[in-house]
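Me: I would like a close look at a single part of this structure, the surroundings of the ligand, followed outward into the strands beside it. Please take me through it slowly, as I am in my first year.

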Amino acid sequence: MNASVEPSPEAIAARQREVVQALTTVLPPHCLLYRDEDTAPYECDGLAAYRQLPLAVVLPETELQVRRVLQTCHRLDVPVVPRGAGTGLSGGAMPLRDGIVLSLARLNKIINIDPYARTATLQPGVRNLAISEAAAPYGLYYAPDPSSQIACTIGGNVAENAGGVHCLKYGLTVHNVLRVRAITMEGDLVEFGSLGPDCAGLDLLAVLIGSEGMFAVVTEVTVRLLPKPQMAQVIMASFDDVVKGGAAAAAIIAVGIVPAGLDMMDQLATHAVEEFVQAGYDLKAQAILLCESDGTPDEVADEIERMTAVLHAHGATRIQISRSETERLKFWSGHKNAFAAAGRISPDYYCMDGTVPRRAIGPLLARIAEMEKQYGLRCMNVFHAGDGNMRSLILFDGNDPDEWRRAEAFGAQMLETCVGLDGTITGEHGVGIEKTDAMCVQFCAEERDALLAVKRAFDPPGLLNPGKDIPTRARCAEYGKMRGHQGLLPHPELPRR
Ligand SMILES: Cc1cc2nc3c(=O)[nH]c(=O)nc-3n(C[C@H](O)[C@H](O)[C@H](O)COP(=O)(O)OP(=O)(O)OC[C@H]3O[C@@H](n4cnc5c(N)ncnc54)[C@H](O)[C@@H]3O)c2cc1C
């Protein structure tokens, strides 16, 4: 469909009938939803500000059904949006009006745990936390631990190259996945990577990971499992200034320590979560740094001592060290529940996950404080300080269109600031629809053309999650013209997407 010409409701209904009829030939009836009341739960992902009903939602139960769905959609020229648990925060799984949603939620079997090879082979709909739960009896676990791990799927993790608290030391999804089976839009089954340490040819596994459902549909994943560390302890350090906290985080890495976790919360965040989790956060502190060490008791004792010295030297005003596993989890609980806690102090939040080099954390936080005044909105910062990955929650009221407009402009300016500080527009949450315009800032036209060429190599008809992630030259030209003074868009009443 031509994006500039709105199809009539009759045309959409006719197309829906055609697509649903074709899909009924490859799927049993209980795997196909097309009535509005049935497809409504799929109209958005974690970026709930944008919603769209698809033509249909399919919930295949076998890899063969996935393949047939893709072949059918390819034949009928129907766009396909893959979906895991829908926890993505950048609109990657948001439906398209002329497309279908392909949910992988029912492909949720743990195929195999191999304690000798220390691997797990999984269907894409297996939840992240379920992997570690299944590996626990063998003393093993899966290291990448997004805060959404109770719900998000390994397929979605692969598509977003998900990260978490422990990724500073143990790597992101891309460092912990050995092999992926996936199906292209044309219905071809392809294997990426291998069970060995390396595989022949180009490393297309790394290209697939983080491709946001645009290259192929993941149907099986083999991940690396790690032995559970003997113990872990966390330091909770208070600072009277966020910039000092950022500098202390950078200093820990600079002295040669790679903590198992190194995260920060600003005062707005600790106030929001304390009532909720009662972790004993220092509410007078402008920032709290959580620095975790894991390993043998000797390793942990040594690292905790060295990190404490660095924190004192960089102005920590109070230091508490967890004395038990329960207390360690309590210290982290606020961080893990920050998104939920934001809902207690604001009707809506808009989450940004720009990333900057560690040395730039302080300057970025200072700029965010200025932007709060500029846009008249509060911003709660909870972030992976160790890898410079911000998770800034801009608080707004979605019932007020002007607040939403300011929140969007605030977010756009924040991402541009990250790029200006030698950082990137995303650390973990992907580009999706949310940061497509910011891609125009991050990459020049030739770089974007190269990314589109890779997309075409995987998906020549351009039907897998189209319109997400990589903007066209025309869109960036339009965005360049639209960018107004200080991040505020001219003509905010005009639709942008
Ligand atoms: C409260 C909260 C906290 C979060 N914390 C973190 C965090 O700490 N770290 C982090 O990295 N993220 C975090 N996220 C974001 C999100 O959970 C991750 O991006 C996660 O990887 C998405 O998984 P999902 O199964 O929900 O995928 P979805 O949201 O359903 O989809 C995400 C993208 O993956 C594609 N996709 C899904 N499944 C497949 C498949 N099988 N094949 C091909 N493409 C597919 C979709 O098309 C979409 O583009 C958080 C989200 C929330 C709501």
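Reply: The model is a predicted one, and in it 36 residues surround the ligand, the closest being Gly84, Gly92, Gly155, Gly156 and Gly213. Sorted by character, the residues of this shell divide into 14 nonpolar, 17 polar and five charged. Strand E3 (80-83), helix H5 (154-160) and strand E10 (217-224) each supply at least two residues of the shell, and H5 gives the most, with five residues.

Two of these elements are strands, and each can be followed away from the ligand. Strands of a sheet pair through backbone hydrogen bonds, either parallel or antiparallel.

Let us begin with E3, which belongs to an open sheet of four strands in the order E1-E2-E4-E3, where the pairing is mixed. Strand E1 (32-33) and E3 stand at the edges with a single partner strand each, so one side of each is left without a neighbour in the sheet. Further inside the order, strand E2 (residues 56-58) and strand E4 (residues 100-103) pair in the parallel sense over three bridges, and there Val57 stands opposite Val101 of E4. Helix H1 (residues 9-24) lies across E1, E2 and E4, and its direction makes an angle of about 15° with E2.

This region also leads into the nonpolar interior. The largest nonpolar core has 128 residues, and Val80, Ile100, Leu289 and Ile394 are those with the most contacts inside it; helix H15 (residues 401-420) provides the largest share of this core, seven residues. If we leave aside residues up to four places away in sequence, Ile100 touches Val19, Pro54, Leu55, Ala56, Val57, Val58, Cys73, Val78 and Val80.

Now we can return to the ligand and follow E10, the other strand that supplies residues to the shell. E10 is joined to E6 by four bridges, with the two strands running antiparallel, and Leu122 stands opposite Val221 in E10. Leu122, in E6, is also the bridge partner of Ile110. Strand E5 (residues 110-114) and strand E6 (residues 119-122) pair in the antiparallel sense over four bridges, forming a hairpin with four residues between them, and Arg118 in its turn has a positive phi of about 55°.

For a contrast with the buried core, consider Pro137, which lies in the loop between helix H4 (128-135) and strand E7 (140-141). Pro137 counts as exposed because 9 other C-beta atoms lie within 10 Å, and the cut-off for being exposed is 12 or fewer.

Note on methods:
Residues numbered from 1 in each chain as written. Predicted model: local features only at pLDDT ≥ 70, side-chain atom pairs only at ≥ 80, totals over all residues. Near = placed C-beta within 6 Å. Nonpolar A, V, L, I, M, F, W, Y, C, P; charged D, E, K, R; others polar. Pairing = 2+ DSSP bridges. Contact = placed C-beta atoms within 7 Å. Axes fitted to C-alpha atoms, helices over the stretch in contact; angles between N-to-C directions. Core = buried A, V, L, I, M, F, W, Y, C linked by C-beta atoms within 7 Å. Buried ≥ 20, exposed ≤ 12 C-beta atoms within 10 Å, placed from the backbone.
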